[in-house]
Amino acid sequence: MGFERKMLTYGDPDDEEEDPPAEEEEGEQEEEEEEEEEEEEMVDPLETIRAACAETEHCAHTKERLETCEARVSSRSNTTEECTEELFDFLHARDHCVAQKLFHKVK
């Protein structure tokens with residue numbers, strides 16, 4: 001008798017699975033849908049503020065300089081030029097704008 005229990009316990013996993021009642025499955029599906037809706041509603045304020053700040057006049061100017069540099073570098077096949085300075089200028093301008101707005105929304 002002990003041997004039979006081990007066979008059932010350590011047997012093929014497909015044989016041991018039982019179908020849960022349909023009511024429990026429906027409840028679980030509803031809970032999962034509610035969790036997905038809650039997750040979709042959450043938006044990181046940092047990302048939205050960054051996007052808004054990137055469109056401001058000063059940030060748009062530095063972004064334009066960065067894009068011009070990237071176009072110039074990518075058009076050349078053999079160059080050592082990088083757009084590090086332009087990238088840092090854009091990130092600095094955007095982060096300066098973000099810092100002024102973000103901390104008013106932080107609890």
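**Accessibility and helix packing, term by term**

Reader: Why is Thr56 called partly exposed?

Author: Thr56 has a relative accessible area of 27%, and the scheme used here calls a residue buried under 20%, exposed over 50% and partly exposed in between, with a 1.4 Å probe and protein chains only. The value for Thr56 is therefore in the middle class. Thr56 sits in the loop between α4 and α5, and its C-alpha atom is 9.7 Å from that of Ala93, although 37 residues separate the two in sequence.

Reader: What kind of model is this, and which atoms and residues count?

Author: This is a predicted model, in which local features need pLDDT of at least 70 and side-chain atom pairs count only at pLDDT 80 or more, whereas totals for chains, interfaces and linings use all residues. Residues are numbered from 1 along each chain as its sequence is written, and side-chain values use heavy atoms, with hydrogens and water left out.

Reader: What makes Glu55 exposed?

Author: Its relative accessible area is 61%, and this value is above the limit for the exposed class, so the label follows. Glu55 also belongs to the loop between α4 and α5, and its C-alpha atom lies 9.1 Å from that of Arg94, 39 residues away along the chain.

Reader: How do you know that Ala54 is buried?

Author: Ala54, a residue of helix α4 (residues 45-54), has a relative accessible area of 10%, which is below the limit for the buried class, and the term therefore applies. Leaving out residues up to four places away in sequence, Ala54 touches Cys59, Ala60, Phe90 and Arg94, where contact means heavy atoms within 4.5 Å. Ala54 and Phe90 are 36 residues apart in sequence, yet their C-alpha atoms are 8.5 Å apart.

Reader: Why is Arg94 called buried?

Author: Arg94, which is placed in helix α6, has a relative accessible area of 16%, and since this too falls below the limit, Arg94 is classed as buried. Its contacts, again not counting residues up to four places away in sequence, are Arg50, Cys53, Ala54 and Cys59.

Reader: What makes α4 oblique to α6?

Author: The two helices pack at an angle of about 125 degrees, with their axes 9 Å apart, where axes are lines fitted to C-alpha atoms over the stretch in contact and angles run from 0 to 180 degrees between N-to-C directions. Angles under 35 degrees count as roughly parallel, over 145 as roughly antiparallel, 65 to 115 as roughly perpendicular and the rest as oblique, and the pair α4 and α6 is therefore oblique. From α4 the contact takes Pro45, Leu46, Ile49, Arg50, Cys53 and Ala54, and from α6 it takes Phe90, Arg94, Asp95, Cys97, Val98, Lys101 and Leu102. By class these residues divide into 9 nonpolar, no polar and 4 charged, with Ala, Val, Leu, Ile, Met, Phe, Trp, Tyr, Cys and Pro counted as nonpolar, Asp, Glu, Lys and Arg as charged, and the others, Gly among them, as polar.

Reader: Why are α5 and α6 called roughly antiparallel?

Author: Helix α5 (residues 57-75) and helix α6 (residues 84-102) pack at about 160 degrees, with their axes 9 Å apart. This angle is above the antiparallel limit, and the description therefore follows. On the α5 side the contact involves His58, Cys59, Thr62, Lys63, Arg65, Leu66, Cys69 and Arg72, which meet Glu86, Leu87, Asp89, Phe90, Ala93 and Arg94 of α6. This contact has 6 nonpolar, 2 polar and 6 charged residues.

Reader: What makes Glu70, in helix α5, partly exposed?

Author: Glu70 has a relative accessible area of 43%, a value between the two limits, and the middle label therefore applies. The C-alpha atoms of Glu70 and Thr84 are separated by 9.9 Å, with their positions 14 residues apart along the chain.

Reader: How many helices and strands does the chain have?

Author: There are 6 helices and 0 strands, both being DSSP runs numbered from the N terminus, of H or I and at least four residues for helices, of E and at least two for strands. Buried residues make up 15% of the 107 residues, and among contacts with a separation of 6 or more, 59% join residues 24 or more positions apart.
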